[in-house]
Amino acid sequence: MTDTRIEPVDGTTVGRADTPLPGTPEPGRKQRSRFVQTVVRVFMNRGAGLGTVVIVLLFAFAFIGPLVSPWGFSQIDYTAFTQPPSGTHWFGTNGIGQDVFTQTARGMQKSLLIGLLVAVFSTALAALAGAAAGYFGGWTDRLVMFFVDLLLVLPSFLIIAIISPRIQNSGWIVLVVLIAAFGWMVTARVVRSMTLSVKEREFVRAARYMGIGPFRIIVRHILPNVASFLIIDGTIQVGAAVLSETSLSYFGFGVQTPDVSLGTLIAQNQDSALTYPWLFYPAAGALVVFAIAANLVGDGLRDALDPTSATGKRQKRTGRKRDQNQAAVDAATITTQAGAGA
Amino acid sequence: MVFRMIRFLARRLGYYVVLVFLATSLTYFLASASFSPRSVYADRNPAPAAAVIDAKLDHIGVNDKTPLVVRYGHWLGDAVQGNLGQTIQDKSVNDAFWPRLGVSLRLLLVGSVIGIVVGVLVGVWNAIRQYRVSDRVSAVVSIVLISTPVFLTAVFLKIGATKLNQDTGTQIINFTGEATPGLSGSWLDLLADRGVHLLLPTISIALGLIAIYSRYQRATMLDVLGSDFLRTARAKGLTKRQATFKHGLRTALIPMTTLFAYGFLGILTGATFTEKIFGWNGLGAWFIDAVGNNDVNAVTAYTLFAAVVVLLAGFLADTMTAVLDPRVRRS
């Protein structure tokens with residue numbers, strides 16, 4: 001196949017790839033778009049396929065569950081206190097007669113919404129800050145990197161806990177903003193180092209000599225070249241953000257009553273696990289199953305988008321050095337997952 | 001060469017001191033802006049007179065009528081002399097800090113050492129036996145563990161232990177607090193008692209770490225196992241074991257040092273959950289209570305501790321990299 005695509009950074013296939021030269025059409029074979037290709041690859045990976053299905057089911061549970069349930073999530077049934085699962089209350093009821101099924105679905109919904117929004121915001125922030133640091137260099141770079149270092153010293157969990165008394169009445173959107181605002185640093189670091197190599201390339205120089213402004217160069221020429229990394233990282237961030245949110249809510253620093261999230265449900269019902277198991281296990285199970293699924297999809301996406309990194313099955317003993325970026329991505333995952341503090 | 005290495009480490013250390021200072025100051029300002037210490041006294045029933053409250057808050061150094069910069073100046077002046085101020089109950093922060101530091105460090109150190117050592121060993125074992133049953137089982141177990149947040153692991157362990165105690169009818173595993181209060185006996189009994197209490201909290205911290213580190217160690221080890229220098233080492237007559245550990249593991253550990261450093265942030269947050277859930281009077285639990293109590297000085301003291309510990313971990317990782325990797329020393 002003759003190839004016109006721009007040679008990608010660190011071997012990653014990027015951008016509008018696979019467009020054959022005009023005049024040399026491949027006879028009889030339709031080109032699949034990169035998007036379709038990626039989707040096919042993700043589903044070829046057994047774990048990632050399963051993960052996607054599970055996530056879709058959980059989303060359905062979270063958003064359709066409250067609609068099909070006859071109960072509201074804070075509605076109290078005075079005829080059923082701490083009842084085990086039955087026909088009227090599918091997952092049973094808690095000590096004040098609230099329906100556990102509806103509460104779990106509603107909590108899941110909140111946690112998922114927060115996770116998704118945080119992932120979008122923090123990845124966007126990381127992309128801009130990292131690319132600006134790498135592209136401009138000099139004092140911009142030093143400033144951004146110093147900020148990154150500073151926030152790496154202060155666990156974000158700690159900062160949000162301190163701010164939490166202020167935001168208790170401000171609703172969950174503020175929580176999203178806070179988790180995102182303190183969760184972009186490691187990603188930005190990786191974007192910065194990738195930008196450093198992309199900005200030396202001919203097409204960036206060409207764009208600069210044509211008089212295109214720096215912001216436009218970053219958005220149109222640099223970010224598309226780190227897109228695969230951003231997509232992979234964004235997926236992992238969803239799972240990590242859900243864990244952050246639940247951890248904060250567990251201590252009462254996150255989602256506030258009367259609203260519920262998986263974290264508040266687990267915190268409320270942790271002591272009932274042995275006596276009234278139906279109170280504890282739905283929320284705890286939903287959280288773990290979702291996190292596992294998100295991890296599987298993240299791994300699958302990485303395999304599909306980044307040929308240089310083969311996690312799990314396809315890895316061969318190649319003697320290849322893991323590059324710096326990979327180490328930093330690993331570090332990102334570890335920071336967010338080890339303590340669930342994102 | 002040693003001199004260069006020392007200079008490299010000294011420069012890092014200087015940078016770290018600046019970071020600690022800024023992180024702590026930032027927390028002081030954030031906490032002062034976010035908390036309302038006045039409400040702690042004003043909401044009491046019966047409410048004390050305004051003048052009494054002012055005097056109390058002035059003494060603690062958190063009166064919101066004093067400009068923030070002045071308060072910060074006083075706090076900083078005391079802090080550089082080693083006095084971290086008064087808690088909201090008007091007791092010395094230092095007196096509360098040191099005993100809890102011991103409790104927290106015990107948990108953090110034992111947990112992270114077990115996590116790192118076991119994680120690395122499991123990772124190497126999996127890499128050597130790639131695709132065997134043990135490797136596949138490890139992969140599944142670790143993805144489940146990685147997906148379980150610390151507070152859930154801790155609660156699950158607690159449930160398991162309670163069930164075990166109920167089923168056997170005896171308290172086999174005690175898990176509340178650091179030791180059984182009022183227990184008497186020889187020092188050996190006391191030590192054993194403390195050991196049993198340490199069991200569950202440590203496992204809950206270490207499990208997640210083992211899962212994560214083993215996955216990454218497996219990956220870095222696999223990269224190294226096929227390399228030319230390992231073949232050379234074998235060719236010059238080393239046994240497989242010697243070559244794997246002396247040449248292979250050493251190289252495969254270098255990228256891991258960064259992970260160990262970053263991982264410590266996670267361990268620290270994780271420990272707040274563990275301490276709270278298992279009733280340990282450590283700094284993590286103290287911090288959570290301090291946020292609830294609007295206690296500016298205590299929260300700042302905890303941040304100081306967190307920043308210092310995280311940077312010490314980073315510094316250790318730098319040193320480890322410099323020791324393991326000759327290229328760092330030369331550049």
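Two residues are in contact if their C-beta atoms, placed from the backbone, lie within 7 Å. Keep that cut-off handy for the exercises below, which work through a predicted model of two chains, A and B.

**Exercise 1. Get a feel for chain B.**
Work out what chain B is built from and how far along the sequence its contacts reach.

*Solution.*
Step 1: Count the elements. Chain B has 13 helices and zero strands, so there is just one symbol to read in its pattern, α-α-α-α-α-α-α-α-α-α-α-α-α.
Step 2: Look at the contacts between residues at least 6 apart in sequence. In chain B, 72% of these join residues at least 24 apart.
Step 3: Check burial and dimensions. Of the 331 residues of chain B, 42% count as buried, and the C-alpha atoms fill a box of roughly 85 × 60 × 40 Å along the principal axes.
Step 4: Ask how sure the predictor is. The average pLDDT of chain B is 88, with 98% of the residues at 70 or above. Among its elements, helix 11 of chain B has the highest mean, 93, and helix 13 (residues 326-330) of chain B the lowest, 71.

**Exercise 2. Take apart a helix pair.**
Describe how helix 11 of chain B packs with helix 12 of chain B, and say which residues make the contact.

*Solution.*
Step 1: Start with the two descriptors. Two packed helices are described by the angle between their axes and the distance between the axes.
Step 2: Fill them in. For helix 11 and helix 12 of chain B, the angle is about 145 degrees and the axes are 9 Å apart; the crossing is left-handed.
Step 3: List the contact residues. Helix 11 of chain B brings Leu283(B), Trp286(B), Phe287(B), Ala290(B) and Val291(B), while helix 12 of chain B brings Ala298(B), Val299(B), Tyr302(B) and Phe305(B).
Step 4: Sort them by type. You get nine nonpolar, no polar and no charged.
Step 5: Look at the spacing in that list. An α-helix has 3.6 residues a turn, so residues three or four places apart point the same way.

**Exercise 3. Test helix 3 of chain A.**
Check the length of helix 3 of chain A against expectation, then decide whether the helix is largely enclosed or not.

*Solution.*
Step 1: Helix 3 of chain A has 37 residues, and at 1.5 Å a residue they should span 54 Å.
Step 2: The end C-alpha atoms of helix 3 of chain A are 53 Å apart, which agrees.
Step 3: Now burial. Because 28 of its 37 residues are buried, helix 3 of chain A is largely enclosed by the rest of the structure.
Step 4: See what comes next. Gly137(A) follows helix 3 of chain A and has a positive phi, near 65 degrees.
Step 5: Find a partner. The buried residues of helix 6 of chain A pack against helix 3 of chain A, as well as helix 5 and helix 10 of chain A. Those buried residues are Leu175(A), Val176(A), Leu178(A), Ile179(A) and Ala180(A).

**Exercise 4. Read the interface.**
Say how many residues each chain puts into the contact between A and B, and what the chain B side is like.

*Solution.*
Step 1: Chain B supplies 53 residues and chain A supplies 47.
Step 2: On the chain B side, helix 10 of chain B gives the most, with 11 residues.
Step 3: By type, the chain B side splits into 35 nonpolar, 15 polar and three charged.
Step 4: For confidence, the predictor gives the complex an ipTM of 0.86 and a pTM of 0.83.

Definitions and conventions: Residues are numbered from 1 along each chain as its sequence is written. Chains are lettered from A and ligands numbered from 1 in the order in which they are written. This is a predicted model: local features need pLDDT of at least 70, side-chain atom pairs count only at pLDDT 80 or more; totals for chains, interfaces and linings use all residues. Helices (H or I, at least four residues) and strands (E, at least two) are DSSP runs, numbered from the N terminus. Ala, Val, Leu, Ile, Met, Phe, Trp, Tyr, Cys and Pro count as nonpolar, Asp, Glu, Lys and Arg as charged, and the others, Gly among them, as polar. A residue is buried if 20 or more other C-beta atoms lie within 10 Å of its own, exposed if 12 or fewer, and partly exposed in between; C-beta atoms are placed from the backbone. pLDDT is the predictor's confidence in each residue, from 0 to 100. Axes are lines fitted to C-alpha atoms, for helices over the stretch in contact, and angles run from 0 to 180 degrees between N-to-C directions. A crossing is left-handed if the near helix is turned anticlockwise from the far one by less than a right angle, and right-handed if clockwise. The expected span of a helix is 1.5 Å times one less than its number of residues.
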